[in-house]
Amino acid sequence: MSSPIMPGQKTTIEYNDRIVRMFLLATVIWGAVGMLVGVIVAAQLNFWQLNFSQAFLTFGRLRPLHTNAVIFAFVGNMMFAGVYYSTQRLVKARLASDFLSNLHFWGWQLIIVAAAITLPLGLTRGKEYAELIWPINIAVVLIWVVFAVNFFWTLARRREPALYVALWFYIATIVTVAMLYIVNHLSIPTSLLHSYPVFSGVQDALVQWWYGHNAVAFFLTTPILGIMYYFLPKAAERPVYSYRLSVVHFWSLVFVYIWAGPHHLLNTALPGWLQNLGMTFSLMLWAPSWGGMLNGLLTLRGAWHKLRTDPVLKFFAAAVTFYGMSTFEGPLLAIKSVNALAHYTDWIIGHVHAGTLGWNGFMAAGMIYWLLPRLWNKPLHSTGLANLHFWIGTVGILLYVAAMWTSGITQGLMLSATTEHGTVLVYPNFLDTLITIRPMLLMRLIGGGLYLTGWILLVYNVVRTLRGALPVNGTIEVYDEAPAPDSRLGLGAMFAGAPTVFSLLAVGFGTMWMLGTDLVSTLGLAGAVACLIAGYALIPSRGRKWAGWYEKLLLNALPFTLLTFFAVVAGGLIQIIPTVLVQRAQNVEDRIQVPYTPLELAGRDLYIREGCYLCHSQMIRTLVPDVLRYGDYSRLGESIYDHPFQWGSKRSGPDLAREGGKYPNIWHLRHMEDPRSISAGSIMPNYPWLLAHPLDASTLPAKIKVQRLLGVPYGPLSAQQIFDQVDEQAKGIARDLRAAGGYVAQDREIIALIAYLQKLGKSVPVPPKAAALP
Amino acid sequence: MTPMRESNPPPETDKLRPHSFDGIQEYDKRLPNWWLVTLYATIIFWVGYWFYYERAHLGPSNTAAVEQQLAVIEAARLAAAPSLDDASLWKMSRNPVFVDAGRATFETICASCHTKELTGAIGPNLVDRLWIHGGRPMEIYATVTNGVLVKGMPSWGPVLGPKKVSEAVAYILSHHHEGEPIEVQAAWVPPPPK
């Protein structure tokens with residue numbers, strides 16, 4: 001502390017570092033588990049035999065386990081360890097409540113265990129990174145609230161008046177993740193283990209990727225940026241490069257990130273204005289993201305020579321570099337024409353892993369190596385091993401990412417290659433493209449394996465360091481000062497401050513210009529230009545005063561948190577509310593989906609249970625190669641009753657939006673039993689249990705009741721009527737299969753799945769309606 | 001990054017902010033110009049792009065663009081459609097260039113249901129004299145192009161285009177002889193699976 005020591009009562013505070021140690025060890029363990037599952041699913045894509053024809057071991061069930069484990073278990077625990085360690089020191093106060101800290105830790109681990117049990121059992125909501133079933137969702141929200149209370153309560157008891165930049169990022173994380181998680185998990189239960197999301201079709205797609213994209217932003221990025229702002233200058237023993245860059249990039253990042261979600265839905269049936277918002281805001285995200293990279297890398301000025309010997313700084317420098325690389329790649333991929341090639345391919349997988357392996361994984365490793373000696377008061381067992389971890393990990397990432405780039409671009413080009421004056425596909429068989437990229441999939445497995453090997457070295461290093469070490473808690477001596485005159489910014493001054501007013505006006509006018517009709521739009525344009533000129537003109541005279549206003553804002557957590565919330569809520573409101581408020585009928589262009597029969601609905605739930613959406617999309621984009629390959633492009637109305645939507649995000653197999661009626665029932669039976677009997681070279685798992693297990697139709701009345709509640713036009717069906725309909729349709733399919741030589745009892749799950757697959761793409765024309773929105 | 005060579009601390013002219021947090025201090029360096037230019041450029045791009053597509057509607061929407069491209073493709077297909085008849089398909093079926101090209105297409109696309117030997121599995125046998133939807137060359141051509149959706153035969157015309165379809169038909173016909181008897185079969189009964 002640089003301020004002069006005031007006379008007062010001296011007390012010694014002991015930080016709660018026990019909780020940090022617990023979260024740290026959980027990070028080490030879950031990291032190993034999550035990465036191991038990642039290597040397993042990568043191996044399954046190379047060797048289909050590794051699915052073992054066992055339901056709970058198939059790719060479709062293990063892939064969500066991998067993603068949930070590395071995001072919520074690995075990075076989650078790492079974030080909590082880093083936040084709790086740094087926050088206590090940045091505010092000079094012990095964590096507010098030992099009870100809440102422990103509840104947070106054990107609650108979170110329990111959630112992880114529950115996820116690890118339910119996902120392989122096929123209990124899922126069918127939305128990426130939001131797969132966990134509703135009772136676990138409630139637990140996640142409760143534990144997140146525990147985290148928030150513990151954190152803000154600690155802030156309230158702080159002895160350090162001003163909030164350091166790391167804390168800004170933590171605040172943004174806590175507020176935004178709560179908002180995203182709750183909205184995307186709104187569901188109506190049909191049983192203790194199953195629910196349907198309240199949104200459907202395009203609304204569900206928009207909400208899902210508003211959440212999915214910002215899970216990357218506010219779970220994998222902002223908390224780790226906060227951790228970077230604490231641990232990197234600590235490890236480098238250098239001052240942070242630029243405070244004002246922190247201010248500018250923090251606010252621009254949290255404001256712009258939220259708008260970019262629709263870039264996951266480019267060239268789909270999503271309304272064009274949302275696609276254009278998603279693309280342009282993704283481009284605007286480039287500089288704010290690089291602000292974080294710059295502040296990280298330039299903080300290392302004067303410390304670069306330490307990289308030669310210090311593995312911690314090596315990890316941090318590489319992590320920040322990978323962050324810069326993937327946040328350049330992100331906006332690039334969000335350009336519609338680039339996205340047309342790359343979307344649904346391995347390029348996206350490569351992009352994600354550059355961020356997760358490079359940025360998250362290396363930040364975690366650097367933080368762990370830095371914290372170990374400090375939390376256990378013993379030098380790291382082996383710096384050499386840590387250096388080896390760094391090099392093996394780096395080679396692993398580079399192999400992984402290069403393989404996925406090559407694979408994604410190759411497959412993207414092959415899928416869109418046309419011949420005979422652009423009228424015919426060069427590779428009409430999807431499998432040709434898959435077989436071509438197989439060597440790259442193997443390369444990815446090797447890269448991922450190397451990365452896991454590096455992590456195992458870390459685990460070994462941790463175990464050896466901990467052997468015989470005694471945990472030690474940090475302490476600090478503080479002087480209870482007489483309260484200083486309150487110079488904090490109150491709520492009123494926050495709202496009335498020129499920066500707040502200018503920001504609100506600019507966003508308001510900008511939105512009017514973008515989305516308003518003629519007069520409103522013109523007014524918006526005039527207002528936005530006036531804001532710009534006024535702001536520019538006032539900065540020379542008022543800039544210093546505004547900087548002072550901001551410094552006062554940093555003294556008061558509540559107005560700061562509220563402002564952060566306003567910044568993150570704007571984009572979501574402007575995108576989601578119009579889409580949700582518009583009547584369903586007005587979202588429909590020229591076709592509307594035929595609702596599923598009870599048997600088809602049961603089949604759809606099996607499709608979701610088996611995680612088919614992880615490899616098969618149901619969205620034919622407004623792109624010629626898609627239309628040539630899969631048929632007429634998908635319309636909004638064609639998934640309007642889909643709770644949840646199943647547009648998908650990756651095509652390891654072909655699109656299924658118009659699969660219905662394309663092949664006979666017997667084709668699907670043989671194909672689900674053994675895909676290679678139909679498609680030589682396929683990497684799809686066998687699904688023999690679908691032919692063996694009887695369908696549980698008893699849940700259908702409850703499910704259809706919820707579907708009706710959500711607005712799907714089912715008549716008032718009694719349970720008996722539902723069962724009769726199921727029986728009748730199943731009997732027809734079984735009869736058709738028998739005629740073709742396929743002998744399956746009509747009560748088997750496969751019958752329902754075939755019924756669903758044969759329904760895909762069935763719609764009826766509707767008279768065109770004028771769209772209500774731009 | 002230039003700092004790679006720099007192992008000395010930055011110049012003393014870099015002013016530190018007065019406060020430190022747990023020993024962490026902060027400079028207050030100016031934002032790099034290239035960074036600001038990037039930020040402003042992307043904002044200007046957003047304004048221009050939004051104006052072009054959403055306010056002035058100068059560019060086509062996604063659906064308008066794809067419809068237009070598909071119309072061009074359809075026109076090209078119509079213009080290039082080969083004038084086929086039974087006689088020319090028979091002739092193609094005796095030409096090794098066509099037959100070899102047709103075999104390649106057949107084995108990647110058709111063989112999954114009709115088998116590489118053309119003896120049928122999920123789809124019917126194509127080397128016997130029994131035909132469900134007609135066995136004359138142009139009838140086979142129509143079946144492949146348009147499909148028979150109720151029987152589970154996909155329509156391959158849009159995916160393969162007329163040239164590849166005619167080659168595949170030539171390959172099938174290469175297993176037959178002009179003038180051989182054609183019998184009509186109601187439906188295909190697949191052999192029991194091995």
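These are my notebook entries on a predicted model with a chain A and a chain B.

**Entry 1: chain A as a whole**

I began with chain A and counted 28 helices and 8 strands. Next I looked up its radius of gyration, which is 27 Å, close to the 28 Å that the globule rule gives for 774 residues, so chain A is as compact as a globular protein of that length. I also noted the box: along the principal axes, the C-alpha trace of chain A spans about 95 × 70 × 55 Å. Of the 774 residues in chain A, 56% are buried. I then checked contacts between residues at least 6 apart in the sequence of chain A, and 83% of them join residues at least 24 apart.

**Entry 2: chain B as a whole**

I turned to chain B and found 6 helices and 2 strands. Read from the N terminus, their order is α-α-α-α-β-α-α-β. Is chain B compact or spread out? Its radius of gyration is 33 Å, well over the 16 Å from the globule rule for 194 residues, so chain B is more spread out than a compact globule. Its C-alpha atoms fill a box of roughly 100 × 50 × 35 Å along the principal axes. I wrote down that 26% of the 194 residues of chain B count as buried. For contacts in chain B with a separation of 6 or more, 61% come from residues 24 or more positions apart.

**Entry 3: where the chains touch**

How many residues does each chain bring to the contact? I found 65 residues from chain A and 63 residues from chain B. On the chain A side, several elements supply at least two residues each, including helix 2 (59-91), helix 7 (222-236), helix 8 (243-257) and strand 5 (424-425). Helix 10 of chain A gives the largest share of that side, with 7 residues. I sorted the chain A side by class and got 37 nonpolar, 18 polar and 10 charged residues.

**Entry 4: helix 9 of chain A**

Helix 9 (272-284) is also on the list of elements of chain A that touch chain B, and I gave it a closer look. Its 13 residues reach 18 Å from the first C-alpha to the last, close to the 18 Å expected at 1.5 Å a residue. Of these 13 residues 11 are buried, so helix 9 of chain A is largely enclosed by the rest of the structure. Among the buried ones I marked A:Leu274, A:Gly278, A:Phe281 and A:Met284.

**Entry 5: a pair of strands**

After a buried helix, I wanted to look at some strands. Strand 1 (residues 9-14) of chain A pairs with strand 6 (residues 475-480) of chain A in the antiparallel sense, over 6 bridges. I traced two partners in strand 6: A:Ile476 for A:Ile13, and A:Thr475 for A:Glu14. Strand 1 of chain A is hardly covered, with 0 buried residues among its 6. Strand 6 of chain A is hardly covered too, with 0 of its 6 residues buried.

**Entry 6: the nonpolar cores**

A general reminder to myself: in soluble globular proteins, nonpolar side chains tend to be buried together. The largest nonpolar core here has 275 residues, and those with the most contacts inside it include A:Phe23, A:Phe316, A:Leu753 and B:Val169. Helix 2 of chain A provides the largest share of this core, 18 residues. I followed A:Leu753 and, leaving aside neighbours within four places in sequence, found it in contact with A:Gly603, A:Leu606, A:Tyr607, A:Met672 and A:Leu690. Apart from the largest core lies another core of 6 residues, among them A:Met512, A:Trp513, A:Ala528 and A:Cys531.

How values were computed
Residues numbered from 1 in each chain as written. Chains lettered and ligands numbered in written order. Predicted model: local features only at pLDDT ≥ 70, side-chain atom pairs only at ≥ 80, totals over all residues. Contact = placed C-beta atoms within 7 Å. Helix = DSSP H or I, 4+ residues; strand = E, 2+ residues; numbered from the N terminus. Nonpolar A, V, L, I, M, F, W, Y, C, P; charged D, E, K, R; others polar. Buried ≥ 20, exposed ≤ 12 C-beta atoms within 10 Å, placed from the backbone. Pairing = 2+ DSSP bridges. Expected span 1.5 Å × (residues − 1). Core = buried A, V, L, I, M, F, W, Y, C linked by C-beta atoms within 7 Å. Rg over C-alpha atoms; globule rule 2.2 N^0.38 Å.
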